[in-house]
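Me: I am new to reading protein structures, and I would like some help. Could we go through one together, feature by feature?

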Amino acid sequence: MALPITLSEIAPRISAGAFILNSGLGKRGADEGTAAGLHGFASGTYPFLKSVDPATFAKALAYGEIAVGTALLTPFVPTAVAGAALTAFSGGLLGLYLNTPGMRKPGSLAPTQEGLSVAKDVWLLGIGVGLLTRGTIDREPRRVRKAAKTLAKANKKVAKAAARAE
């Protein structure tokens with residue numbers, strides 16, 4: 001049985017997956033101050049998070065990162081699924097960058113010194129979109145590949161039969 005990934009997808013999946021998994025594992029035991037800082041940063045951009053307890057938010061963020069990282073590192077997870085998860089995750093990070101005051105230079109997308117640590121996550125978005133595209137557009141469905149093989153075999157048989165008939 002073939003894996004649902006190709007050789008060209010391995011490097012971006014490993015680099016992004018290991019990075020995100022490590023980040024999630026590091027947040028699992030976040031202390032009260034760290035949880036409050038993470039929660040305050042996120043709820044400033046995403047107001048619906050204000051009603052979530054900081055410790056609960058930090059735990060959910062940690063397990064979300066672990067899930068995304070694991071999906072990227074697991075070869076049995078289809079590339080489109082892993083790419084969609086990474087695209088959604090990195091989109092949230094870039095939302096923080098774009099909507100948090102002080103992250104960007106006035107009137108520009110260029111980061112300030114404070115925004116540099118979040119702006120660099122644009123590489124995750126690039127990998128996510130690339131994997132999502134590769135996993136959906138660049139792939140032939142298995143049924144199409146199987147039908148193509150069956151058709152090729154049938155064409156060979158027809159060609160042999162036509163050659164014998166001549």
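Me: How many residues does helix H3 have, and what distance does it reach from its first C-alpha to its last?

Reply: Happy to help! Keep in mind that this is a predicted model. To read a helix, compare its end-to-end reach with the span expected at 1.5 Å a residue. Helix H3 covers residues 54-73, which makes 20 residues, and it reaches 28 Å, close to the 28 Å expected.

Me: Which residues of H3 are buried?

Reply: A general idea helps first. An α-helix has 3.6 residues a turn, so residues three or four places apart point the same way. In H3, the buried residues are Phe57, Ala58, Ala62, Glu65, Ile66, Val68, Gly69, Ala71 and Leu72.

Me: What do the buried residues of H3 pack against?

Reply: Their partners are H1, helix H2 (32-45), helix H4 (79-99) and helix H6 (122-136).

Me: How many aromatic pairs does the structure hold?

Reply: There are 2 aromatic pairs. To read such a pair, look at the distance between ring centres and the angle between ring planes; planes over 60 degrees apart count as edge-to-face. The rings of Phe19 and Trp123 have centres 5.5 Å apart and planes at 75°, so this pair is edge-to-face. Phe19 belongs to helix H1 and Trp123 to helix H6, so the pair ties together parts that lie 104 residues apart in sequence. Both rings belong to partly exposed residues: Phe19 has a relative accessible area of 39%, and Trp123 has 30%.

Me: How are the rings of Tyr46 and Phe48 arranged?

Reply: Tyr46 and Phe48 form a tilted pair, with 6.2 Å from centre to centre and 55° between the planes. Tyr46 is partly exposed at 25% relative accessibility, whereas Phe48 is exposed, at 61%.

Me: Now a side chain, please. Is Thr87 buried or exposed?

Reply: The cut-off to remember is that buried means under 20% relative accessible area. Thr87 sits in helix H4, and with 19% relative accessibility it counts as buried.

Me: Which backbone oxygens does the side chain of Thr87 reach?

Reply: One is the backbone oxygen of Gly83, at 2.7 Å, and another is that of Gly128, at 3.1 Å. Beyond its neighbours within four places in sequence, Thr87 is in contact with Leu125, Gly128, Val129 and Leu132.

Me: Where is Ser43, and what does its side chain reach?

Reply: Ser43 is in helix H2 and is buried, with a relative accessible area of 6%. Its side chain reaches the backbone oxygen of Gly40 at 3.5 Å. Not counting residues up to four places away in sequence, Ser43 touches Leu49 and Lys50.

Me: What does the side chain of Thr6 make a polar contact with?

Reply: Its partner is the side chain of Arg134, at 3.2 Å. Thr6 lies in the segment before helix H1 (7-27) and is partly exposed, with a relative accessible area of 22%. The C-alpha atoms of Thr6 and Gly40 are separated by 40 Å, and these residues are 34 apart along the chain.

Me: Which residues does UniProt list as "transmembrane region"?

Reply: An unreviewed UniProt entry lists residues 76-98 under that name. You can set such a record beside the model: in this span, 87% is helix and 0% is strand, and the end C-alpha atoms lie 34 Å apart.

Definitions and conventions. Residues are numbered from 1 along each chain as its sequence is written. This is a predicted model: local features need pLDDT of at least 70, side-chain atom pairs count only at pLDDT 80 or more; totals for chains, interfaces and linings use all residues. Side-chain values use heavy atoms; hydrogens and water are left out. UniProt positions are given in the numbering used here, feature names are shortened, and annotations may be inferred rather than shown by experiment. Helices (H or I, at least four residues) and strands (E, at least two) are DSSP runs, numbered from the N terminus. Buried means under 20% relative accessible area, exposed over 50%, partly exposed in between (1.4 Å probe, protein chains only). A polar contact is a pair of N or O atoms within 3.5 Å; within protein, one must be able to donate a hydrogen and the other to accept it, and residues adjacent in sequence count only if both atoms are side-chain atoms. The expected span of a helix is 1.5 Å times one less than its number of residues. Contact means heavy atoms within 4.5 Å. Rings of Phe, Tyr and Trp (its six-membered ring) pair if their centres lie within 6.5 Å; planes under 30 degrees apart count as stacked, over 60 as edge-to-face and the rest as tilted.
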